[in-house]
Amino acid sequence: MSDKFFYYLSHLINGLPITISLSLAGILSACIISIGLSILLISKRWYIIHPIRIFITVFTGTPLLVQLFLIYYGPAQFQVTRESSSLLWQVFYYYNPTQCYILREFLHYLWQLLSYPWFCAYLALTLNSAAYTTLIFHGALKAVPQGHWQACSALGMNRTQSLKVILPYALKRALSSYSNEVIFVVKGTALTSTITLMDVMGYNQFLNGQYYDFTIFIATGCIYILINGLLSIIMRLLEKKALAFENNQ
Amino acid sequence: MKKIFLIAALTGAVFTASAKDINFGLEATYAPYEFYDDNNILVGFDIDIANKICQELNYTCKFTNQSFDSLIPSLKTRRIDASISALDMTPERREQVDFSQSYYTNMAQFIGLSGHLESLNSISELNQKRVGVQNGTTLQKYLVDKFPKINIVSYDSYQYAVLDLKANRIDAILIDSAAASEWFKKEPSLVGIGEKITDPEYIGSGLGIAVRKGNSVLLDQFNQVLTKMKADGSYDQIYAKWFN
């Protein structure tokens with residue numbers, strides 16, 4: 001049992017580069033996007049708020065698996081139709097050659113990017129996580145007492161200047177719920193084996209197809225728990241450091 | 001009072017009847033072996049064989065559709081009684097389950113997209129190219145062991161591999177030859193490339209019905225019926241229905 005366990009582990013480790021690169025890239029870009037979106041959400045203009053609200057509803061309301069499939073297999077369907085019926089392109093080209101050329105080149109490059117399953121998985125994870133993280137950050141921003149804003153304006157700061165003071169404060173408060181989201185992204189990468197990526201879960205299925213051994217799942221679980229354990233320790237240290245000003249009191 | 005007795009008797013009858021069920025596990029995206037037809041009814045070569053066996057043994061056949069790599073685990077954990085899902089009888093699988101006698105000798109074939117990759121003189125021409133297979137199958141293990149230079153792309157199901165082949169994400173697919181000819185009927189843009197492949201260690205050891213290890217009662221019954229079917233011509237009828 002134990003020697004087999006390490007044999008499986010040595011195979012499963014081959015999937016680590018994809019699992020880790022996807023998690024890190026997804027977490028970082030989702031974090032940046034969601035900070036931007038939660039700042040935009042403070043504004044009271046409907047044409048800014050409504051599209052963001054729709055984006056959040058769509059990506060928190062549908063399963064990650066569905067998003068992965070739509071992003072990976074969806075554009076491929078259009079590619080086929082685009083090639084087979086070029087009539088649409090000819091008509092478009094007749095009316096507006098330059099724009100047609102630009103759009104065509106753009107679609108060409110987009111398609112090349114979408115050909116990589118890694119990019120599709122990254123895109124799905126980022127958008128999904130950005131939607132959830134925006135909710136977390138926006139909630140934290142709303143939870144900042146009104147007195148903070150008033151204090152800033154009393155000091156003669158405008159909206160942008162006050163935001164520079166309040167945003168870091170709000171983000172620090174959001175860290176504990178955000179660490180949950182980070183772990184969710186890592187676990188979300190396990191779904192990417194459905195779009196041909198050989199991550200840890202992909203190797204798990206490959207081994208399971210050969211040996212049908214229960215131990216394989218235990219080994220896979222151990223790898224994920226190791227990654228997530230490490231991540232939650234890092235997040236806890238980060239939180240301690242960021243909220244040091246509160247703990248000293 | 002009579003009514004209560006009647007109900008009790010009837011429920012008793014229902015439960016004794018259900019004891020004679022055989023629950024077959026399979027993965028139903030693999031025409032012509034097992035698939036859902038246009039009317040969403042489960043049909044195929046395996047299904048007809050299983051139904052014939054149940055008819056001979058006076059059992060009721062039940063089919064459970066599940067993912068391919070979970071078939072043998074479900075068998076071991078008693079969620080299903082048998083599995084008939086175009087299972088190659090490989091040495092690794094023989095360690096986990098018992099197989100009936102072979103009911104079909106299969107081959108494998110590469111398929112490609114017409115206008116792109118149409119001919120193949122030797123498999124090594126596919127080196128550095130992307131070839132799709134189903135994750136957890138013998139074909140995947142065959143490619144991994146024998147042709148490590150081929151870029152193997154693993155799919156949950158062949159439907160997605162065909163979608164990706166048509167979108168030029170992969171160059172070829174390795175699939176069972178009978179399943180390949182079904183795909184040719186459905187998708188005219190697909191062509192078979194190269195010779196059909198057999199390799200006694202991986203492909204062509206025959207398909208068998210899997211039962212839990214030690215379940216010799218069911219295994220003997222399956223073998224008896226299969227022998228009888230091959231002798232009295234009912235096997236040939238089913239064979240002709242699906243493979244000609």
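This section describes the fold of chain B in a predicted model, from its overall dimensions to one of its sheets.

The secondary structure of chain B comprises 9 helices and 13 strands. The C-alpha trace of this chain extends over about 75 × 35 × 35 Å along its principal axes. Of the 244 residues in chain B, 40% are buried. When contacts in chain B are restricted to residues at least 6 apart in sequence, 71% of them link residues at least 24 apart.

An unreviewed UniProt entry assigns residues 21-244 of chain B to the feature "domain: Solute-binding protein family 3/N-terminal". Within residues 21-244 of chain B, helix accounts for 36% and strand for 25%. The C-alpha atoms at the two ends of this segment lie 31 Å apart.

An open sheet in chain B is built from 3 strands, which follow the order 2-3-4 with antiparallel pairing. Strand 2 (29-30) and strand 4 (42-43) of chain B each have a single partner strand and stand at the edges, so each has one side without a neighbour in the sheet. Strand 3 of chain B spans residues 34-36. The antiparallel pairing of strand 3 with strand 4 of chain B involves 2 bridges. In strand 4 of chain B, Val43(B) is the residue that faces Phe35(B).

Key:
Residues numbered from 1 in each chain as written. Chains lettered and ligands numbered in written order. Predicted model: local features only at pLDDT ≥ 70, side-chain atom pairs only at ≥ 80, totals over all residues. Helix = DSSP H or I, 4+ residues; strand = E, 2+ residues; numbered from the N terminus. Buried ≥ 20, exposed ≤ 12 C-beta atoms within 10 Å, placed from the backbone. Contact = placed C-beta atoms within 7 Å. UniProt positions renumbered as here; feature names shortened; annotations may be inferred. Pairing = 2+ DSSP bridges.
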